[in-house]
Amino acid sequence: KEFLADSAQGIYPVKVSNGKLFIKGQEYSLEQLRERIMGRILLQERIHQHPRLNELNPGSVNCIRLITVCKNDAISPFYAVLKTGVRGSPCDNWCAGGLAIKMDLLTGRLDEYGFFSPGKGTRTDRHPDTGMVFKGFQAPYYQEAIKLAVALHEYFYAFHSIGWDIAFTENGPVF
């Protein structure tokens, strides 16, 4: 049985079509789904990412991990990386084999190299599946995401730092 844990384990797409239930494209009965679920679950609508991020990698929803910090009652962005899946994986998680590419905090443009987690590769200057070069790639709606993350952190002012995973759709950032 799968379970929800770190590194995107236990996460899978569920689709209902013509009264039938599908998990990862395979038909399941409601009873089979019940057997598969352990403990609490979270259902989330599928996100369709911005076309610009599809150019980088259409195989996963490529998210920004943005860290905001609260210091002296002021909230500000601290660090940002773009996470992307590789080798057709729908998971952008770095620990699960994805890439992490540092972003310029002011502009949202990618640095020159993306890095794999230890044991899964070293570094690369382009996406291994699409060949898209990282240096200078601009994330859409980046400034809007920064402003929204800072505003959201104000609701959690007692927390020194928060790591946000932010996806980008055609309509803007999604947290």
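Tutor: Two residues are in contact when they have heavy atoms within 4.5 Å. In this predicted model, residues 24 or more positions apart account for 50% of the contacts in the protein with a separation of 6 or more.

Student: What helices and strands are there in the protein, and in what pattern along the sequence?

Tutor: The protein has 3 helices and 10 strands. Along the sequence they follow β-β-β-α-α-β-β-β-β-β-α-β-β. The C-alpha trace spans about 50 × 40 × 35 Å along its principal axes.

Student: What share of the 175 residues counts as buried, and what makes a residue count that way?

Tutor: Buried means under 20% relative accessible area. By that cut-off, 34% of the 175 residues are buried. The exposed area of the protein is about 11100 Å², and carbon and sulfur atoms supply 54% of it.

Student: Where are the mean positions of the positive and negative charges of the protein?

Tutor: Those of the 20 positive and 18 negative charges are 3 Å apart.

Student: What makes S1 and S3 edge strands?

Tutor: Take the sheet they belong to. It is an open sheet of 3 strands in the order S1-S2-S3, with antiparallel pairing. Strand S1 (14–17) and strand S3 (26–28) each pair on one side only, and they are the edge strands. On average, neighbouring strands of this sheet are turned by 40° against each other, direction ignored.

Student: How do you know that S1 and S2 pair?

Tutor: Two strands pair if there are at least two bridges between them. S1 and strand S2 (residues 20–23) are joined by 4 bridges and run antiparallel, so the condition is met. One of the partnerships is that of Ser17 with Lys20 in S2. S1 and S2 form a hairpin with 2 residues between the strands, where Asn18 has a positive phi near 55°.

Student: What is the order of the sheet of 7 strands, and which strands are its edges?

Tutor: This open sheet has the order S8-S7-S6-S5-S4-S9-S10, and its pairing is antiparallel. Its edge strands are strand S8 (123–124) and strand S10 (172–174), each of which pairs on one side only.

Student: What holds the strands of a sheet together in general?

Tutor: Strands of a sheet pair through backbone hydrogen bonds, either parallel or antiparallel.

Student: How do you know that S4 pairs with both S5 and S9?

Tutor: The same test of at least two bridges applies. There are 9 bridges between S4 and S5, which run antiparallel, and 6 bridges between S4 and S9, also antiparallel. Both pairs therefore pass the test of at least two bridges. On the S5 side, Val69 has Ser76 as its bridge partner. On the S9 side, Arg65 stands opposite Asp165.

Student: How many bridges are there between S5 and S6?

Tutor: Strand S5 (residues 74–84) and strand S6 (residues 99–103) pair in the antiparallel sense over 4 bridges. Leu82 stands opposite Ile101 in S6.

Student: Which strands does helix H3 lie across, and at what angle to S4 does it run?

Tutor: Helix H3 (residues 142–153) lies across strand S4 (63–71), S5, S6, strand S9 (161–169) and S10, and runs at about 45° to S4.

Student: Why is Asn72 called exposed?

Tutor: Exposed means over 50% relative accessible area. Asn72 has 71%, so it is exposed. Asn72 lies in the loop between S4 and S5. These two strands form a hairpin with 2 residues between them. Asn72 has a positive phi of about 55° although it is not a glycine.

Student: Why does Arg87 count as exposed?

Tutor: The relative accessibility of Arg87 is 58%, and therefore Arg87 counts as exposed. Arg87 is in the loop between S5 and S6. Its phi is positive, about 55°, although Arg87 is not a glycine.

Student: Why is Glu35 called partly exposed?

Tutor: Partly exposed covers the range between the 20% and 50% cut-offs. Glu35 has 44% relative accessibility, so it counts as partly exposed. Glu35 lies in helix H1 (residues 30–36). Glu35 and Lys15 are 20 residues apart along the chain, and their C-alpha atoms are separated by 17 Å.

Notes. Residues are numbered from 1 along each chain as its sequence is written. This is a predicted model: local features need pLDDT of at least 70, side-chain atom pairs count only at pLDDT 80 or more; totals for chains, interfaces and linings use all residues. Side-chain values use heavy atoms; hydrogens and water are left out. Buried means under 20% relative accessible area, exposed over 50%, partly exposed in between (1.4 Å probe, protein chains only). Accessible areas come from the Shrake-Rupley method with a 1.4 Å probe; for residues, only the protein chains shown count as cover. Lys and Arg count as positive and Asp and Glu as negative; His and the chain ends are not counted. The place of a charge is taken as NZ of Lys, CZ of Arg, CG of Asp or CD of Glu. Axes are lines fitted to C-alpha atoms, for helices over the stretch in contact, and angles run from 0 to 180 degrees between N-to-C directions.
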